[in-house]
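Good morning, colleagues. I should like to speak briefly about empty space inside a protein and at its surface. Please look at the sequence and the structure as they appear.

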Amino acid sequence: MKHELTAVCSGAALIESIRKPESLVHLSLRQWDVLLRVCRRANLLGRLAEGVQAVGIDAQLPRQVQPHLVSARVLTAHQREAIVWETRHIEKALSALKAPVVLLKGTAYAIRGLAAAHGRLFGDVDILVPRPDLNSVEAALMVQGWASGHHDDYDDRYYREWMHEIPPMTHRARGTVIDVHHNILPLIARNSPDASLLFEASQPVQGTKFRTLSPVDMVIHSATHLFHESELQNGLRDLFDLDALLVEFSAQTDRFWDELPGRAAQLGLELPLLLALRYTHALLGTPVPDTLVPQLQANAKLSPISLHTLDAIYLRALMPDHSASRTWTQSIARGCVYLRGHALRMPAGRLTLHLGRKLVLRMFRNTSRSQ
């Protein structure tokens, strides 16, 4: 399966460069130029730089290349420290509240010191709190300088009544952004899980107010986030995150692989986990038990035709959106991902109205009224 799946991927060279950095000593400057550009586009330059350092080949690379890799390592290390520092401000803001605060995605990787945080660029801070505590959490953050950006009534309703988060909040002084979630999928999504299960299994971060998801839930959330997205600018980076999580957690306990499918079934999220395991194994060589993917496919009730269709879409759409690797089939695949992501997010009727409104607004805003 792996050979057949990777054969269609135009970004295979980028993946191999990150997986086997020792091969980079043979690249020409022209090849390096393309590789660096594509890595930046995919937000994977830091991961490439970490890999080069790990195998100790910096000195063997062209002198023109070395500053780019050093800069990437410095930047990702600084961002990792900055995101941990930012959590201290959030902890201070929420210190008086009794509600559990669960750190998600990159912030959780950094606070736990996981391998997935190394070489990774960080953006927003994502937290998960119980829905009944949303107003208290939002108010506490506002007191400490965070505020929601400008949203019209429709956007505000879209977030607060239909989605799994409130509008993003930006700190007035530092410009940092925090996304406050109450679930990992929208309330109106067809497979939105019971968030209380995530809180019950979450684990405390020693010495802080925070918690993180359990290892199996962290993997399932990462898979769910990736395969419910409507846009995949960071798709390949997120796939590398999943690879790092799977390798690290499976090495910690023999029970990890046994627990994953049962937990996914309990949360109703077998399909995103299936896709995560299938594509990390196919594209990145992640070691996955042979019986696990067929088991998840059967549990998810996914037909071979449906799986083949998803393969055709995601094996193209996950590749970096850069002219060096972009193809017309990738553009079609990304369009399919956009529609699929929205279809998973809301019912058909509401989706039609939502996308229709977005189209009209885009046309109106792009129409000059000065002529």
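**Cavity and pocket in the predicted model**

By class, the residues lining the largest cavity comprise five charged, two polar and one nonpolar. Please bear in mind that this is a predicted model. As general background, rolling a probe the size of a water molecule over the atoms shows where empty space is left.

How many cavities of 30 Å³ or more does a search of the whole structure find? The search finds one. The space in the largest cavity comes to about 50 Å³.

Which residues form its lining? They are Lys-105, Tyr-109, Arg-120, Ser-222, His-225, Arg-237, Asp-238 and Asp-241. Two or more of the lining residues come from each of helix H6 (105-112), helix H10 (215-227) and helix H11 (235-252). Of the elements, H11 contributes the most to this lining, with three residues.

I turn now to the second largest pocket. Its volume is about 350 Å³. The pocket is lined by 16 residues, and the closest to its centre are Ile-18, Arg-47, Ala-115, Asp-243 and Ala-244. Helix H2 (12-19), helix H4 (45-55) and H11 each supply two or more residues to the lining of this pocket. By class, that lining divides into nine nonpolar, five charged and two polar residues.

To close, I would draw your attention to H11. This helix gives two or more residues to the lining of the largest cavity, and H11 also gives two or more to the lining of the second largest pocket. Thank you for your attention.

How values were computed. Residues are numbered from 1 along each chain as its sequence is written. This is a predicted model: local features need pLDDT of at least 70, side-chain atom pairs count only at pLDDT 80 or more; totals for chains, interfaces and linings use all residues. Side-chain values use heavy atoms; hydrogens and water are left out. On a 1 Å grid over the protein atoms alone, a cavity is a set of points where a 1.4 Å probe fits but cannot get out, and a pocket is an open set with protein on both sides within 12 Å along at least five of seven lines; lining residues have an atom within 4 Å of a point. Grid points are joined across faces, edges and corners, and a volume is the space filled by probe spheres set on the points. Helices (H or I, at least four residues) and strands (E, at least two) are DSSP runs, numbered from the N terminus. Ala, Val, Leu, Ile, Met, Phe, Trp, Tyr, Cys and Pro count as nonpolar, Asp, Glu, Lys and Arg as charged, and the others, Gly among them, as polar.
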